[in-house]
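Trainee: I would like to go through the terms used for this model. Please start with the charged pairs.

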Amino acid sequence: MEWINKEFATLTIGDKRLEKRAKKVLAQLSNNPTDSIPAACNGAAETKAAYRFFDNEQVTPEKIQSTHLEATLTRMSSHPVVLLPQDTTVLNFSTQYERKDAGPTTKDSTKGIHLHCFL
């Protein structure tokens, strides 16, 4: 759990109980990232607590992401070189005829979007 304390060292939600719950939820979800919230929480009470955490108005994606970004930049700054592998894939929406937010990709007949991310 030490890595979670480092990751959330700068987390400021405005309520110490919520900040403690954030660390607990991260620990539960990181044990097996593909699990659903109920599977990761191992019980009704912990599942309810996780959903109440996410539903709390003080908990925002920006607060969680900003502390993660800060921790990531801190980790990166301790290395002379940081590699960011990248990948581009095409999301094909050709069969979703009513979509208006997709355009041509590699061929005029393929409707979709390019997704370019780094891991």
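Mentor: A salt bridge is a side-chain nitrogen of Lys or Arg within 4 Å of a carboxyl oxygen of Asp or Glu. The model is predicted, so local features need pLDDT of at least 70 and side-chain atom pairs count only at pLDDT 80 or more, while totals for chains, interfaces and linings use all residues. Residues are numbered from 1 along each chain as its sequence is written, and side-chain values use heavy atoms, with hydrogens and water left out.

Trainee: What makes R75 and E7 a salt bridge?

Mentor: Their N to O distance is 2.6 Å, and the limit is 4 Å, so the pair qualifies. R75 belongs to helix α5 (residues 61–77) and E7 to helix α1, 68 residues apart, so the pair links distant parts of the chain. Helices here are DSSP runs of H or I with at least four residues, and strands are runs of E with at least two, numbered from the N terminus.

Trainee: Is E7 called buried or exposed, and why?

Mentor: Buried means under 20% relative accessible area, exposed over 50%, and partly exposed in between (1.4 Å probe, protein chains only). E7 has 7%, so E7 counts as buried. R75 has 41%, so R75 counts as partly exposed.

Trainee: Which residue forms a salt bridge with K6, and how do you know?

Mentor: The partner is E2, with the closest N and O atoms 3.7 Å apart. That value is within 4 Å, so the term applies. Both residues lie in helix α1 (residues 2–7), four residues apart, about one turn of the helix. K6 is exposed because its relative accessibility is 58%, and E2 is exposed because its value is 57%.

Trainee: Why is K24 called partly exposed?

Mentor: Its relative accessible area is 36%, so K24 falls between the two cut-offs. E46 is partly exposed too, at 22%. Salt bridges that share partners join R21, K24 and E46 into one network. Between K24 and E46, the closest N and O atoms are 3.5 Å apart. In total, the structure holds seven salt bridges.

Trainee: How do you know that β1 and β3 pair?

Mentor: Two strands pair if DSSP finds at least two bridges between them. Seven bridges join β1 to β3 (residues 111–118), so the condition is met, and the two run antiparallel. One of the bridge partners in β3 is I113, opposite L91.

Trainee: What makes β1 and β2 edge strands?

Mentor: The open sheet has the order β1-β3-β2. β1 (86–92) and β2 (103–104) each pair on one side only.
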